[in-house]
Amino acid sequence: MDLMKALTSQYMKEDAPQVSIGDTVRVHVKIKEGSRERIQVFEGTVIAKKHGGIEESFTVRRLSYGVGCEKVFPLHSPLIEKVETVRRGKVRRAKLYYLRDRLGKAAKVKERV
């Protein structure tokens, strides 16, 4: 067990972003297109967090032209440049999968004060 921790600890980010369920976040991801590299921003609501340690990931959902789009981001991935928290959400669930069935204002999450 200590051997696994030693191997994975070198790949973990020291300043891992603090994301929680219900937060609206802006994720800056490095995209490689041929020899060029650029940063793409994906903004949406965090609907799930899974696992822990090196394999920790979070799912971000957004509505784009009326169509729901979800992406799963590994928290400790070197391709993630930074994660900005736009607003904090007040939720009472660990997973917000019920937002998939909702559109418009019904899909909003209340803001934490």
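## Charged surface patch

Lys90, Arg92, Arg93 and Lys110 form a patch of positive charge on the surface. The model is predicted. Arg92 sits in the segment after β5 (80-87). Its relative accessible area is 78%, so Arg92 counts as exposed.

## Overall fold

The chain has one helix and five strands. Their order along the sequence is α-β-β-β-β-β. Along the principal axes, the C-alpha atoms fill a box of roughly 45 × 40 × 25 Å. The chain has 113 residues, and 28% of them count as buried.

## Nonpolar core

The largest nonpolar core holds 18 residues. Val25, Val27, Phe58, Val60, Phe73 and Val83 have the most contacts inside this core. Four elements each give two or more residues to the core: β1 (24-33), β2 (36-50), β3 (57-64) and β5. The biggest share comes from β2, with four residues.

## Nonpolar surface patch

Some nonpolar side chains lie on the surface instead. Leu3, Met4 and Leu7 make a nonpolar surface patch of about 330 Å². Met4 belongs to helix α1 (residues 2-9). Met4 has a relative accessible area of 51%. The cut-off for exposed is over 50%, so Met4 counts as exposed.

## Salt bridges

The whole structure contains ten salt bridges. One joins the side chains of Arg88 and Asp23, at 3.1 Å from N to O. This pair links distant parts of the chain, 65 residues apart. Arg88 lies in the segment after β5, and Asp23 in the loop between α1 and β1. The two partners differ in burial. Arg88 is partly exposed at 34% relative accessibility, whereas Asp23 is buried at 0%.

Arg87 pairs with Glu111, with the closest N and O atoms 3.8 Å apart. Arg87 is in strand β5 and Glu111 is in the segment after β5, so this salt bridge ties together parts that are 24 residues apart in sequence. Both residues are partly exposed, Arg87 at 29% and Glu111 at 47%.

## A further pair and a network

Glu56 and Lys49 also meet through their side chains in a salt bridge, at 3.8 Å from N to O. Glu56 has a relative accessible area of 17%. Buried means under 20%, so Glu56 counts as buried. Lys49 is partly exposed, at 31% relative accessibility.

Elsewhere, salt bridges link four residues in a network: Arg26, Glu43, Lys82 and Glu84.

Key
Residues numbered from 1 in each chain as written. Predicted model: local features only at pLDDT ≥ 70, side-chain atom pairs only at ≥ 80, totals over all residues. Heavy atoms only, no water. Patch = residues over 30% accessible without salt bridge, like charges linked within 9 Å, V, L, I, M, F, W, Y side chains within 5 Å. Areas by Shrake-Rupley, 256 points an atom, 1.4 Å probe, with all protein chains shown as cover. Lys, Arg positive; Asp, Glu negative; His and termini not counted. Charge placed at Lys NZ, Arg CZ, Asp CG, Glu CD. Buried < 20%, exposed > 50% of the residue type's maximum accessible area, 1.4 Å probe, protein only. Core = buried A, V, L, I, M, F, W, Y, C linked by side-chain atoms within 4.5 Å.
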